[in-house]
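Subject: A structure for you to look through

Dear colleague,

I am handing over the structure we talked about, and below it I have written down what I found. Please keep it open while you read, so that you can look up each place as it is named.

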Amino acid sequence: MLRRANTALQKLRCLSLQRQQPTWRLKSTAAGEKALLYRPGQSIHGFTVKEVAAVPDLFLTAVKLTHDRTGAQYLHAARDDSNNLFSVQFRTTPMDSTGVPHILEHTVLCGSERFPCRDPFFKMLNRSLSTFMNAFTASDYTMYPFSTQNAKDFQNLLSVYLDAVFFPCLREQDFWQEGWRLENENPTDPNTPLVFKGVVFNEMKGAFSDSERVYAQQLQNKLFPDHTYSVVSGGEPLNIPDLTWEQLRCFHNTHYHPSNARFFTYGDLPLEQHLQQIEDEALSRFQRTNPNTEVPPQPQWTSPREDHVTCGPDALAPDPANQNTLCISYLLGDITDAFESFTLSLLSSLMISGPNSPFYKALIEPKIGTDFSSVVGYDGSTRQASFSVGLQGMAEQDMERVKQIISQTIDDIIMDGFEEEMIEAQLHKIEVQMKHQSTSFGLSLASYIASSWNHDGDPVELLRISETVSRFRQTLKENPRFLQDKVKHYFKENTHRLTLSMSPDAAYMENQTRAEEDKLQLKIQALSDGDRQNIYEKGLKLLAAQSEPQDASCLPALKVSDIQPSMAFTPVEMGSAGGVPVQYCEQPTNGMVYFRAMCSLNSLPDDLKPYVPLFCSVITKMGCGPLDYRQQAQQMELKTGGMSVSPQVIPDSAQLDIYEQGVELSSCCLDRNLPDMFHLWSHIFNRPHFDDEERLRVLLTMSAQELANGISYSGHMYAMTRAGRSLSPAGELQEVFGGMEQVKLMKRMAEMPDLSQVLRSLPRIKKHILNPENMRCALNATPQKMPDAAAQLEHFVSEVAGNWKERRAVRTHIVERPLDPSASREPGPSRKLVSEPNFRPCQMKTFFPLPFPVNFVSECILTVPFTHQDYASLCILARMMTAKFLHGEIREKGGAYGGGARMGGGGLFTFYSYRDPHAVQTLSAFRKGVDWVRSGRFSRQDVDEAKLSVFSAVDSPVAPSDKGMGRFLSGLTDDMKQKHRERLFAVTEHSLVDVAGRYLALGHRTSGFAILGPENEAIKKDPSWVVK
Ligand SMILES: [Zn+2]
């Protein structure tokens, strides 16, 4: 989602190891070398160079500058990566919970001096080939990043971003729309009651329907009670209506000033050009100010504190007695001390991560709660860091016991310290993170340095990770009790610690609603008749503005002709290892090897299918071969960058009732550890441990808790999956593996007193899945490493040959697709897909009542598969409807956080809304969208914009580790993708009207509907809905 809540950002504490994508040329270092020629003291376009530093481990050169007149700070990371990134961040330190920085973040994106059209930010999504555009509000800064691989696009986006943040219109109307307003429920009818509306108002109501979010917010507010961290920067729904338009503009004046700004650029584009554009278009119009936004250190408490808060009950847990959370949070050192932060962050991982850590042993394994508290470990997002540890999902009477365990565990750590191997495993993890080439590296860097730099820490020092690691090793060598001393100082002897408990309150939702109602009445009582009339007129004016045809011609734009007509092909080689088909893909993986395998589920009996996700989540965590689960975890951390297994449902590219079902094995390691990684896999294949019911219970409980907690964040995904369930066999299996049914099953299993039956299903599943007969593999490695990797894979296959069994498929309809479609005609290795010719799509409407104040709504329509000639038109159509119609109806008018349409590979065209105050009204907005397209009230320009937007996704960079994976998993060859590309180019206005009529118009195709949300009278009365 756009404008994702700040928590995601706050969690990015180290360079992220996401499976994403880049396209740089590792061997050349042109950008980095060129940047080394800058000299401190050199003056460039109003900036002065302060420092130039090579960071060889990250293949980059850092250049630090200051803007002479305003004092704006600037960091450039020159690196041979074409995915260039820009970000500007302001230190925003609110002193109340009206959400002023958050509402400002939204409002500056509603139009600016040079770009006065409505919502230029969203419009640029369709006029650019950006690989990322977003804005975040953290506790103490607001950040605006974008990235793109196109130089012209970079300049365009930079102009729009600079103008937005420094010269926004901040119209009163923007404030009403994005912040809050009083308005008639139906704006065209002055007799309907007045209600609160506004995007941020609704967004925060949605955010705080998540108990985890409530807890995290309260914990921070109470641990830092004396300054900006004591308030809710995103906005507390009840305080948002206290904010005035005037206050918003004032906050902008003081905080969004160059003297309070930090600019960051990254990539292979020349620095001078960036500096000149920033100076010319923004900074030259400012003088230095003293923004006075420093956050003072939190005064240390002389004695520990305790507090208690309440939350809404967990809808999926039957027993409210076991829904308590308790955690202890400790104030740590200043995050601008890079070495101390590194040490504390590593120490935190040693204390809590994995089954070998002392807190896991002491808190998780006795099964007092379902999982660690949602806030756990090191948090470096505030000026002083904090460490938290505790449990969720526990009984009230266990609270004292948990406190004692925490204190006892700290004593034990001080006494015993950590095994050397555990420390090595953590340092190995850092080495892997540095070597792994991600495509969002610029963004990871921006997030990584943001907090410390925000408080004037040295961002360059943060980048010198290897030097910090060496210093850490040296320090530990000189003082083997170094870490224990830290534990003693920061935990045992620290009087600034907070014990915060949270328990569910059945009346929580009701109280929230009543408090909102009281607030509303207070506002309404203060109104004169004239005010009411005024509100009605303003509402009409806003509605009219939202419905006006929009002229975005002031905005810069790329053209369809700027898109590369053909894509870069990825060469792969097909071969086999001991009879198992293998895809080899040589890539600049920087000393890493990536291994994947796909194992078919075709022979698995149907009754075992629902347990496949559980199997996947525990198979690498129960112990294997001679290793118990602790030793296994240790070896995985020491020798690999992670080993995981996940269920896959892959729709066929040509026929809607055909799909592949399997599980994907995925792992990576440093070149030197390849034999160890395969050795671990062969233990898992040959002798996984399935005898420890207690271990299974721990893992199951944690998975179930995680799934249940994820609903308020990913509700739209669950609604979409459910809506597609009755439309295709692949959609049906998706629901089994990853839908609400799966969440409920996991919850049910977690509550079963006896797990022996579940435990017995695991070896049965294993026999079908971990079987080389049904397997194909893929390796991504450097050309130098590939021959060795191939030999090691061959050895692995010979080691697991004992599992080789020919098993009959449960369904007799098997369709084979060649793994290498370009190969000669003789039958080669193939993917075995399942066909269900008897499956009949049917309409189904499902409603899941949940204790949220907002809805997630979806409608899903069965259309055509990937290779069908209409597929490309449907992709463009989904994008155009989202940008030109649904966004306006669902977000701007409806007040939802987001909404739109998307086209999926399985032929499912899906509408959705996210954190939406409406449900039935949104369903009719979907329908109106279809009518809008069919009426043809859009232009050639609209279609071209949708094409740009679709291509920015199609051409988003792919990491060396992920090259060739689309082909490996889905059988999509470069030729097929190129053909799709050509069809995308060829889409016309006419073809959109045509496909909308033939596929999306009512009654033409089968559709499914799903809503997750609060009790809904209209739906209850409508017998066509199934209420779950
Ligand atoms: Zn927001």
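To begin with one residue, in which helix is the place of Ala35? Ala35 belongs to helix α2, which covers residues 30-35. Please keep in mind throughout that this is a predicted model. Ala35 counts as buried because its relative accessibility is 4%, and the cut-off for buried is under 20%. If neighbours within four places in sequence are set aside, Ala35 is in contact with Val52, Thr61, Val63 and Ala78. The C-alpha atom of Ala35 is separated by 9.1 Å from that of Ala53, a residue 18 places away along the chain.

As for confidence, the average pLDDT of the chain is 91, and 96% of the residues score at least 70. Over residues 1-28, however, pLDDT stays under 50, although the model has 105 contacts for this stretch beyond four places in sequence.

The metal site

Which residues coordinate the zinc ion? The donors are the NE2 atoms of His102 and His106 together with two OE donors, both from Glu203, at 2.1 to 2.6 Å. Written as a sequence pattern, the spacing of these donor residues is H-x3-H-x96-E. The two histidines, His102 and His106, both lie in helix α3 (residues 100-107), where they are four residues apart, or about one turn of the helix. His102 counts as buried because its relative accessibility is 5%, and His106 is buried as well, with a relative accessible area of 0%. The arrangement around the zinc ion is irregular, because the four donor atoms subtend angles of 54 to 153°, whereas a tetrahedral site would need all angles to lie between 85 and 135 degrees.

Strand β13 and its partners

Strand β13, made of residues 324-334, is mostly covered, since 10 of its 11 residues are buried. β13 pairs with strand β16 (residues 384-394) in the antiparallel sense over eight bridges, and among the partners there, Asn324 is bridged to Met394 of β16. β13 also pairs in the antiparallel sense with strand β17 (residues 497-504), over six bridges, and in this pairing Thr325 stands opposite Met502.

Two helices whose length can be checked

Helix α14 has 16 residues (420-435), and at 1.5 Å a residue these should span 22 Å, which agrees with the 23 Å between its end C-alpha atoms. Its buried residues include Met422, Ile423, Leu427 and Ile430, and also Gln426, His428 and Gln433. Among the elements that cover the buried residues of α14 are α11 (338-352), α17 (465-478), α18 (482-492) and β20 (592-600).

The same check can be made for helix α30, whose 15 residues (920-934) should span 21 Å at 1.5 Å a residue, in agreement with the 22 Å between its end C-alpha atoms. Leu923, Phe926, Arg927, Val930 and Trp932 are among the buried residues of α30, and what covers these buried residues includes β27 (855-862), α29 (871-893), β29 (908-916), α34 (989-1000) and β30 (1007-1013). Just after α30 comes Gly936, which takes a positive phi of about 70°.

A sheet of six strands

In what order do the strands of the open sheet of six strands lie? The order is β28-β29-β27-β30-β26-β31, and the pairing is mixed. Its edge strands are β28 (898-903) and β31, each of which pairs on one side only. Strand β26 (residues 844-849) pairs with β30 in the parallel sense over six bridges, and with strand β31 (residues 1026-1027) in the parallel sense over two bridges. Phe847 is a good residue to look up here, with Ile1011 as its bridge partner in β30 and Val1027 as its bridge partner in β31. In β31, Val1026 is the bridge partner of Thr846.

One buried loop residue

Is Asn771, which lies in the loop between α27 (756-769) and β23 (775-781), buried or exposed? Asn771 counts as buried because its relative accessibility is 0%. Not counting residues up to four places away in sequence, Asn771 touches Phe685, Asn803, Trp804, Lys805 and Arg807.

With best wishes

Technical notes:
Residues numbered from 1 in each chain as written. Predicted model: local features only at pLDDT ≥ 70, side-chain atom pairs only at ≥ 80, totals over all residues. Heavy atoms only, no water. Buried < 20%, exposed > 50% of the residue type's maximum accessible area, 1.4 Å probe, protein only. Pairing = 2+ DSSP bridges. Donors = N, O, S within 2.8 Å, 3.2 Å for Na, K, Ca; no water. Tetrahedral: all angles 85-135°; square planar, octahedral: opposite > 155°, others 65-115°. pLDDT = per-residue confidence, 0-100. Contact = heavy atoms within 4.5 Å. Expected span 1.5 Å × (residues − 1).
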